[in-house]
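Hi everyone, thanks for making time. I'd like to walk you through one structure today, so have a look at the screen before I start talking.

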Amino acid sequence: MIFKSASTPPQHRCALIAKPAAMTETVFALVADYGVTIVFCVTFLSCLALPVPSSLLMLASGGFAATGDLSLSAVGLSAFSGAVLGDNSGYWVARKLGTRLDDWLAKHPKRAALRARSATFMDKRGGSSIFLSCWLVAPLGPYMNYFCGVTKFTWLRFALWGVAGEIVWVSLYVGLGYSFADNITSVASVLGNASGFITALAVVIGLGWWLVRASKKRHTTFSA
């Protein structure tokens with residue numbers, strides 16, 4: 001898809017770039033210089049757990065689409081393609097390189113039991129976990145990709161749930177950037193705080209659930 005050249009910024013782009021903070025300013029400059037190519041690259045790298053500002057960049061590219069400097073469909077397709085390719089790359093890297101880890105887990109009874117419980121959990125709730133990790137708790141998404149690969153979670157299920165999750169993630173961030181092009185810094189701040197809170201809450205709940213189960217199991221062992 002074709003997007004308009006950003007080599008000579010039009011007047012309406014100035015309003016978009018005038019007031020952002022340093023990071024936001026850098027992201028705007030990258031989008032202006034490289035267009036949808038940088039969108040694809042950054043979303044791809046973010047799904048491999050590299051520390052790049054993918055959400056902010058999608059917001060910015062949505063803002064550029066709102067001003068007519070980029071094609072909205074090209075932005076969405078680039079972000080979606082990068083994210084899906086990144087998810088699947090992480091999965092297959094972990095699956096191929098995780099054989100030794102899997103063998104190591106299988107050699108010890110406790111580790112093997114943990115591995116078996118993880119596989120059981122993924123069989124029951126793996127699809128929804130993958131879906132939510134793509135957008136609701138996005139910081140955990142790359143690690144979910146690796147975990148699915150190491151545990152040899154069914155690739156087709158992983159891919160389909162991942163595609164569904166990335167549709168939501170890309171639509172949410174690009175759509176908000178497009179709708180609130182004049183307030184991208186504020187939107188990015190709100191979303192960043194919300195994402196961090198939800199991710200932390202999910203981790204706390206997960207640890208609490210694990211501790212409760214471990215406590216019950218220990219109590220049962222002692223009672224026997």
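I'll go from the whole chain down to a few single residues.

First, a caution: what you see is a predicted model. The average pLDDT over the chain is 81, and 75% of the residues reach at least 70. The start of the chain is where you should be careful: residues 1–8 have a pLDDT below 50, although this stretch still has 17 contacts in the model beyond near neighbours in sequence. Residues 10–20 also stay under 50, and there the model has 19 contacts beyond four places in sequence.

Okay, the overall fold. How many helices and how many strands does the chain have? The count is 10 helices and zero strands, so to speak a plain run of α after α along the sequence. The chain has 224 residues, and 38% of them count as buried. Look also at who touches whom: among contacts between residues at least 6 apart in sequence, 80% join residues at least 24 apart. On the outside, about 12,600 Å² is exposed, with carbon and sulfur atoms supplying 69% of that area.

Now, something from a record. An unreviewed UniProt entry annotates residues 27–50, 57–80, 158–181 and 187–212 as "transmembrane region". Let's take two of those spans. For residues 158–181, the model gives 92% helix and 0% strand, with the end C-alpha atoms 33 Å apart. Residues 57–80 come out at 83% helix and 0% strand, and here the end C-alpha atoms are 13 Å apart. Keep both numbers in mind when you trace those spans on the screen.

Next, helix α8, residues 141–150. Is this helix mostly enclosed or mostly open? Seven of its 10 residues are buried, so the rest of the structure largely encloses it. The buried ones are G141, P142, M144, N145, C148, G149 and V150.

After α8 comes K152, in the loop that leads from α8 to α9. K152 is not a glycine, yet its phi is positive, near 60°. With a relative accessibility of 34%, K152 is partly exposed. There's another case like this in the chain: A49, also not a glycine, has a positive phi of about 75°. You'll find A49 in the loop between α3 (36–46) and α4 (54–67). A49 is partly exposed too, at 27% relative accessible area.

Moving on to helix α9, residues 155–179. Which residues make the nonpolar patch on the surface? They are W92, W155, L156 and L160, and together they cover about 400 Å². Helix α9 gives the largest share of that patch, three residues, and L156 is one of the residues sitting in this helix.

Last stop: W135, in helix α7, which spans residues 109–135. W135 has a relative accessible area of 23%, so we call it partly exposed; the cut-off for buried is under 20%. What does W135 touch, leaving aside neighbours within four places in sequence? The answer is G165, V168 and W169. W135 is also 9.0 Å from I167, C-alpha to C-alpha, with their positions 32 residues apart in sequence.

That's my tour. Happy to go back to any of these spots on the screen.

Methods. Residues are numbered from 1 along each chain as its sequence is written. This is a predicted model: local features need pLDDT of at least 70, side-chain atom pairs count only at pLDDT 80 or more; totals for chains, interfaces and linings use all residues. Side-chain values use heavy atoms; hydrogens and water are left out. UniProt positions are given in the numbering used here, feature names are shortened, and annotations may be inferred rather than shown by experiment. Helices (H or I, at least four residues) and strands (E, at least two) are DSSP runs, numbered from the N terminus. pLDDT is the predictor's confidence in each residue, from 0 to 100. Contact means heavy atoms within 4.5 Å. Buried means under 20% relative accessible area, exposed over 50%, partly exposed in between (1.4 Å probe, protein chains only). Accessible areas come from the Shrake-Rupley method with a 1.4 Å probe; for residues, only the protein chains shown count as cover. Patches are made of residues with over 30% relative accessible area and no salt bridge: like charges are joined within 9 Å, nonpolar side chains (Val, Leu, Ile, Met, Phe, Trp, Tyr) within 5 Å. A salt bridge is a side-chain nitrogen of Lys or Arg within 4 Å of a carboxyl oxygen of Asp or Glu.
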